Amino acid sequence: MSEQPQVIRREDYTAPAFLIETVELVFDLDREATIVASRLSLVANPERGTGAGDMVSLDGEDMKLLSLKVDGVALPADAYEVDTTGLRFKAPSERFVVEIETRISPVNNTRLEGLYVSQSAYCTQCEAEGFRRITYFMDRPDVMATYRVTINAPRESCPVLLSNGNLVSSTDLEDGRHQAVWDDPFPKPCYLFALVAGDLACVEDSFKTMSGRDVALRIFVEHGNEDRCDYAMDSLKRAMKWDEDVYGLEYDLDLFNIVAVSDFNMGAMENKSLNVFNAKYILAKSDTATDTDYELIESIVAHEYFHNWSGNRVTCRDWFQLSLKEGLTVFRDQEFSSDQRSRPVQRINDVQRLRAGQFPEDGGPLAHPVRPDSYIEINNFYTATVYQKGAEVIRMMHTLLGAEGYRKGIDLYFERHDGQAVTCDDFVRAMEDANGVNFDQFRLWYSQAGTPNLVWEGNYDADKKVFCLTIEQKTEPTPGQTLKSDLQMPVKIGLLARDGRELHAQTIDLTQAKQDFLFEDIAEQPVVSFNRDFSAPVNVGTTPSHDDLAFLMGNDTDAFNRWEAGQKYASDLLIAAVRAYDKSGDADAALGNVDAFCDALRATLTNDDLDKAFRAQAMILPGEAMLAEQLRPADPEAIYQVRQALRQKVAIALQDEFEAAYRHNASNDAYSPDATSAGQRALRAVALSYLAATGEGVFIDLALAQYRTADNMTDRMAALTVLNNQDHPGREEALADFESRFANDTVVIDKWFSLQAMSSRTDTLEQIKKLMEHPAFTMRNPNKVRALVGTFAMANQRNFHAADGRGYAFYADRLMELDNLNPQVAARLAAPLGKWRKFDEDRASKMKAELKRILAKENLSRDLYEIASKSIA
Ligand code: 0A1
Ligand code: ZN
């Protein structure tokens, strides 16, 4: 890097000097050289008292300025300044018109920000700061304008021409070109602008809104994929209905478009009325998509749709407020999914995701508050903290205020701020004002980084029948924030009698460092069910006795905590065993007798009153990465060996029950993605995976048979996942079969790449290197890189952390290679190297050496620099 990149600070926010009222854009599309003409009406911002003579500063990167006119007159060369970051000139008056022509090159845009080419189509990605790669503009979310967009393109290669809002006209032009004009009546920031042009197939449906308006719904996909859009379309309609029912929010235009593209940096994007999706989150049919894919499609389609209100109608004042739209929208999509499926299973999945992604972030070198204070590259702040922890913060407000109080706050928020760009604080104020409460202490969740640790102790006075629960909270320092304050949080608790009756249940309001809560008329010494439903997003340091955990696994009336008790029990066994293994090297001996744990699992597995999806979840032991989080230093090989050994012990102890579960959950019906059928498949998959863990060859044969006869992708992948870790000819057969079936299917073949990258076999790194030469692999497609390279670092702890350091070196090489093409994705993949503090000195120094090598790279991007430099500090 030539110079130290600039740090942007939240406290430096100033309102824009000028506002843009209307934007007219004309695109002459060409793969190599697209011409963009823009006409902007600017006006001085009364809030700033600016006017004639003040500097107009427009952002712009990576494009050629062809012409610049102000109020119809071309500016002479000495009247403006243009460089690699933008364009500046003096305002002639308080109100004036700027006309700009730029030239950009979509086909050479490997960063996939701004206007680029994916397969044969043109598409855009403007959040966060991609619009400045299309034309010079005030690229900040508090500048909101109405847009009229004209697209000119060859009719044959681009029969479909789309932008935001309503189609105003379609006309034929000369030379085989045609034109479409789009008009979006809702003022929006430029990050919500979108354009799509190409030869795409369209699937169409409609939705009648609560006030009786008909909305046309269209999903555009590559030709040949028309039969894979049903589930996304159905999810969209259910999301539209849910937002009306639960939030009273109606869609506001007559048209809603979704486009699926193969090359996309993230999951999807909520551009006004023209959502652009990573194709993997739209396309599904039973033989190409797993139950998990269906679930993700449902939630992401809903997420992007919900942004129409939480993000688009009310947007962010600046990017530090990103969680205003993302935390809220994630909470909304989580609740939507809970209402569509099993609520406890959804909560378990959401908490697992938080623990796997956000807790490590909050406890590591990249920790930052939900509302960050500074950044170098905003694209690095689309994080688990902003999204997932942000959603937990909204959820806590929902818990504290109750569903009705929360809804009152939401209503006030949208009434007060519709059409505005606002802050997280404005959101909290609406909640306070609508409910007459004070959230001064609660607001700390937005400004304080780090996961609080809670410990609790119960004391029962049998004479007085009083139970006293003492809770202490503490948050460890995080980079740049050494002093932590006590937070307010709702902690749901239950007190259970030994016969399983619930003696008492309550949501307590924790506000102090150490606080006593007294419960009267408690007939006997209770078993405590603590932080039910994960009501507060914290770590709980107290581990109940194994007896109490087994009791909670079988009796808690809160399903989340039934699962949680099993996880705590397993973690406790595994962590003790890892420590013993380090001395003995014998995983079996290190685990000792685990009969009581197996009995508790058996009780859950065979309890027909419990949902099958829940039972499947409850059988899965905490993952290797989760265990590593709890050990310092973490020994990845010991964790792997001990976890495998416990899996085998459980498998042998419960073999009969797993065989029964496998048999009873076979289905003769045609595949349906509904939650009940998915739960049945999940239970059967868990059973198969444990049966294989017994080590008996017949069960590997069973997996191969399941692979061969599967009539849906869920069952096929379940079998392949088992085979993938085996030394068995069936593995090669199944992998080869999968390859030949799906080699030309860009979405499906990623499953094949990521599965092999995940294999616990010791030849995995060599296999990955070979797979990089596969014709379907390219470093230019983010999904491919994530599937093969990202999966290795994120989901193959054993091999990524191989003691010789080859995993680290390979990974750093790929990050540097990718940085030259797509810095945003390179930076998003870099976090695993920053975990060096968790490992032994030898691994830590090897990881740091790779980070240093990255920092020394020529032309290192701001994106990767920020992550690597913070990771090493
Ligand atoms: N706002 C989108 C996600 C998104 C964020 C950034 C992007 O480019 C840097 C692209 C998409 C969402 O929350 O779904
Ligand atoms: Zn979002």
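Around ligand 1 the predicted model places a shell of 14 residues, a residue being counted as near a molecule if its C-beta atom, placed from the backbone, lies within 6 Å of it. E127, M266, M269, N379 and Y382 are the closest. Two elements give two or more residues to this shell: β20 (268–269) and α2 (291–306). Helices (H or I, at least four residues) and strands (E, at least two) are DSSP runs, numbered from the N terminus. By class, the shell divides into five nonpolar, five polar and four charged residues. Here Ala, Val, Leu, Ile, Met, Phe, Trp, Tyr, Cys and Pro count as nonpolar, Asp, Glu, Lys and Arg as charged, and the others, Gly among them, as polar.

The model is predicted, so local features need pLDDT of at least 70 and side-chain atom pairs count only at pLDDT 80 or more, while totals for chains, interfaces and linings use all residues. Residues are numbered from 1 along each chain as its sequence is written, and chains are lettered from A and ligands numbered from 1 in the order in which they are written.

E127, one of the closest residues to ligand 1, also starts a cis peptide bond. The bond from E127 to A128 has omega near -5°. A128 sits in the loop between β11 (121–125) and β12 (145–154). A second cis bond runs from R632 to P633, again with omega near -5°. P633 belongs to the loop between α13 (624–629) and α14. Most residues other than glycine have a negative phi, and most peptide bonds are trans.

Two non-glycine residues with positive phi were examined. K465 has phi near 60° and lies in the loop between β25 (453–461) and β26 (466–474). F534 has phi near 55° and lies in the loop between β30 and β31 (539–540). Their surroundings are as follows. K465 counts as partly exposed because it has 13 C-beta neighbours inside 10 Å. F534 counts as buried because it has 21 such neighbours. The cut-offs are 20 or more other C-beta atoms within 10 Å for buried, 12 or fewer for exposed, and partly exposed in between, with C-beta atoms placed from the backbone.

UniProt annotations, from an unreviewed entry, mark three domains. Positions are in the numbering used here, feature names are shortened, and annotations may be inferred rather than shown by experiment. "Aminopeptidase N-like N-terminal" is listed for residues 96–192. That span is 0% helix and 54% strand, with its end C-alpha atoms 24 Å apart. "Peptidase M1 membrane alanine aminopeptidase" is listed for residues 231–442. Its span is 56% helix and 9% strand, and its end C-alpha atoms lie 39 Å apart. "Peptidase M1 alanyl aminopeptidase C-terminal" covers residues 547–872. This stretch is 72% helix and 0% strand, with 43 Å between the end C-alpha atoms.

The largest nonpolar core holds 259 residues. Such a core is a set of buried Ala, Val, Leu, Ile, Met, Phe, Trp, Tyr and Cys residues joined through C-beta atoms within 7 Å. V196, V259, I282 and V642 touch the most other members. Helix α5 (residues 384–417) gives the most to this core, with 13 residues. V259 touches C123, L162, V196, L200, F220, L274, V276 and F277, not counting residues up to four places away in sequence. Contact requires C-beta atoms, placed from the backbone, within 7 Å. In soluble globular proteins, nonpolar side chains tend to be buried together.

Two helices show a buried side. In α8 (residues 546–555), L549, A550, L552 and M553 are buried. These residues cover an arc of only 160° around the axis, which puts them on the same side of α8. The arc is that of the directions from the helix axis to the C-beta atoms. Their cover includes β30 (527–530), α9 (559–584) and α11 (595–605).

In α15 (residues 655–664), the buried residues are F658, A661 and Y662. Their arc is only 100°, so they lie on the same side of α15. Exposed D656, R663 and H664 occupy the face turned away from the buried side. Cover for the buried residues includes α11, α14 (636–653) and α16 (675–693). An α-helix has 3.6 residues a turn, so residues three or four places apart point the same way.

Terms used. Two residues are in contact if their C-beta atoms, placed from the backbone, lie within 7 Å.
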